[in-house]
Amino acid sequence: MPVHKPGSRLYGSIKLRRFKGKGSGHKSIHSDLNLTPMIDMFSLLVVFLLQTFSASGEVLFMREDIRLPEAQNWTDLARAPVIGISMNIVTLDGSKIADTAELSLAAANPTPGANPYLVPNLASSLEVLKDGYIATNGREKFLGDVIVQAHRGVDFPVIWMVLYTAASVGYDNVSFAVLSTGSGAKFLPKGGGGGAP
Amino acid sequence: MTVSVGGGKGGKKSVNADLNLVPFIDFLSVLISFLLVSAVWTQLARINVTQKSASGGAPSDTPLQNNPDQLKISVAISDRGFVLQTGPIDKQQIDKKGTEYNYEDLLARLQTIKESNPDKEDLIVGAKMGISYETVIRTVDYCIKAGFPSVTVAPADEIR
């Protein structure tokens, strides 16, 4: 900022127009709004959002008590019954089926004479779902798809009990819900990776 | 915004035309709003496993991979690490690196097996008591990465 020699100054409160700076008419109050950067930004945003857009919709809802494991070799989700396994409870499509701790205990200390892996409540609920599906869509369309949405810290025996029970009533095409991190699976089974139930 | 189509000379009607940007900006705004509302920020996906019982029966009612002509490949997960078994004799122990499982070594060995058996697609992953679900999923993930997309999951003591 330049330093000026002190001298006489006209205060702003003194209304002597002829002493003030001269201007040629009024300055226009219209100004052009430059729309080019805004449209550029909009276009980039649209391209980005279209790339991340998923047309398959929400098959699965994130639950606060379930932290899913991550996987790089994944495939897209398909609609199927969802068995949720948190550290506390096991659910089927949101309805409580059993306590995880009880299942873990049952797996560690099997009752003599009983099937150690079968979860009766889960089996009966899955049977009801299966019968309903077959009654609506026919037996040949039932592929036995089920999604297991389990917390990453759950012990494997609990998972196995759920898989065993599901397979015992015909749900043997199991998908594990994961958080996708890579670009997806390069190798797929020759018979296909399952589809809608 | 003005679009210039050509120079107009004196006496002629100007060939400059204004492009109306308002509908375009409206459309973009609506599109962005829709995409933002319907955006899925957490990418949920699945990895498939096949249970050994293909129809009806419970998994342990039938023995695992009982076809004698097929090469049996299994990965057993224990507290010490992995045991990679190829056929009835070949057993390879892959120890942990500190507290972490050595997934890279498992991947390398599985890829070697895949190179010598390119048509082989199925494999069994077995886990012992106390192994976490995350470890099983990561192992299955590496098996698929190595070229074995048909993975069966079972308890380790059922792999025979």
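Biologist: Over how many bridges do β3(A) and β4(A) pair?
Modeller: Keep in mind that this is a predicted model. One bridge puts A:Thr91 opposite A:Lys96 in β4(A). The two strands, β3(A) and β4(A), run in the antiparallel sense, and the number of bridges between them is four.

Biologist: Which residue in the hairpin of β3(A) and β4(A) takes a positive phi?
Modeller: The hairpin has two residues between its strands. A phi of about 50 degrees turns up there on a residue that is not a glycine. That residue is A:Asp93.

Biologist: Is A:Asp93 buried, partly exposed or exposed?
Modeller: A:Asp93 sits in the loop between β3 (89–92) and β4 (95–99) of chain A. Its relative accessible area is 46%, and the class between the cut-offs of 20% and 50% is the one in between. So A:Asp93 is partly exposed.

Biologist: Stepping back, what pattern does chain A follow along the sequence?
Modeller: Chain A has four helices and six strands to place. Read along the sequence, they come in the order α-β-β-β-β-α-α-β-α-β.

Biologist: Among contacts in chain A between residues at least 6 apart in sequence, what share joins residues at least 24 apart?
Modeller: Chain A has 197 residues, and 39% of them count as buried. As for its contacts between residues at least 6 apart, the share joining residues at least 24 apart is 73%.

Biologist: On to the other chain: how many residues does chain B bring to the contact with chain A?
Modeller: The area buried between chain A and chain B is about 5100 Å², and carbon and sulfur atoms give 65% of that. Chain A puts in 63 residues, and the number from chain B is 56.

Biologist: Which element gives the most to the side of chain A that touches chain B?
Modeller: Several elements each supply at least two residues of that side: α1 (36–52), β1 (70–71), α2 (100–108), β5, α4 and β6 (173–180) of chain A. With ten residues, the top contributor is α1(A).

Biologist: How many residues on the side of chain A that touches chain B are nonpolar?
Modeller: Take the other classes to begin with: 15 residues are polar and seven are charged. The nonpolar count on this side of chain A is 41.

Biologist: Which strand of chain B pairs with β6(A)?
Modeller: The pairing is antiparallel and covers seven bridges. In one of them A:Ala177 of β6(A) has B:Arg46 as its partner. The strand in question, residues 44–50 of chain B, is β3(B).

Biologist: And polar contacts: how many residue pairs does the rule find across the interface of chain A and chain B?
Modeller: Both residues of a pair have to be at pLDDT 80 or more to count here. On that basis, the number of residue pairs in polar contact across the interface is 13.

Biologist: Which residue of chain B forms a salt bridge with A:Arg152?
Modeller: Over all chains there are six salt bridges, and one is found across the interface of chain A and chain B. In that interface pair the closest N and O atoms are 3.7 Å apart, which falls within the 4 Å limit. A:Arg152 reaches over from the loop between β5 (145–150) and α4 (156–168) of chain A to helix α3 (residues 133–145) of chain B. The partner there is B:Glu134.

Biologist: Is A:Arg152 buried or exposed?
Modeller: For comparison, B:Glu134 is partly exposed at 27% relative accessibility. A:Arg152 has a relative accessible area of 16%, and the cut-off is under 20%. So A:Arg152 is buried.

Biologist: How many residues apart in sequence are the parts that B:Arg80 and B:Asp95 tie together?
Modeller: The two form a salt bridge, with the closest N and O atoms 3.8 Å apart. B:Arg80 belongs to the loop between β4 (73–77) and β5 (81–86) of chain B, while B:Asp95 is in strand β6 (residues 90–95), so the separation in sequence is 15 residues.

Biologist: Which residue of that pair counts as exposed?
Modeller: B:Asp95 has a relative accessible area of 42% and is partly exposed. The residue at 55%, which is over the 50% cut-off, is B:Arg80.

Biologist: In the salt bridge of B:Lys120 with B:Asp122, how far apart are the closest N and O atoms?
Modeller: B:Lys120 counts as buried at 9% relative accessibility, whereas B:Asp122 is partly exposed at 22%. The closest N and O atoms of this pair are separated by 3.1 Å.

Key:
Residues numbered from 1 in each chain as written. Chains lettered and ligands numbered in written order. Predicted model: local features only at pLDDT ≥ 70, side-chain atom pairs only at ≥ 80, totals over all residues. Heavy atoms only, no water. Salt bridge = Lys/Arg side-chain N within 4 Å of Asp/Glu carboxyl O. Buried < 20%, exposed > 50% of the residue type's maximum accessible area, 1.4 Å probe, protein only. Contact = heavy atoms within 4.5 Å. Buried area = accessible area lost by both parts, 1.4 Å probe. Polar contact = N/O pair within 3.5 Å; in protein donor to acceptor, adjacent residues only side chain to side chain. Nonpolar A, V, L, I, M, F, W, Y, C, P; charged D, E, K, R; others polar. Pairing = 2+ DSSP bridges.
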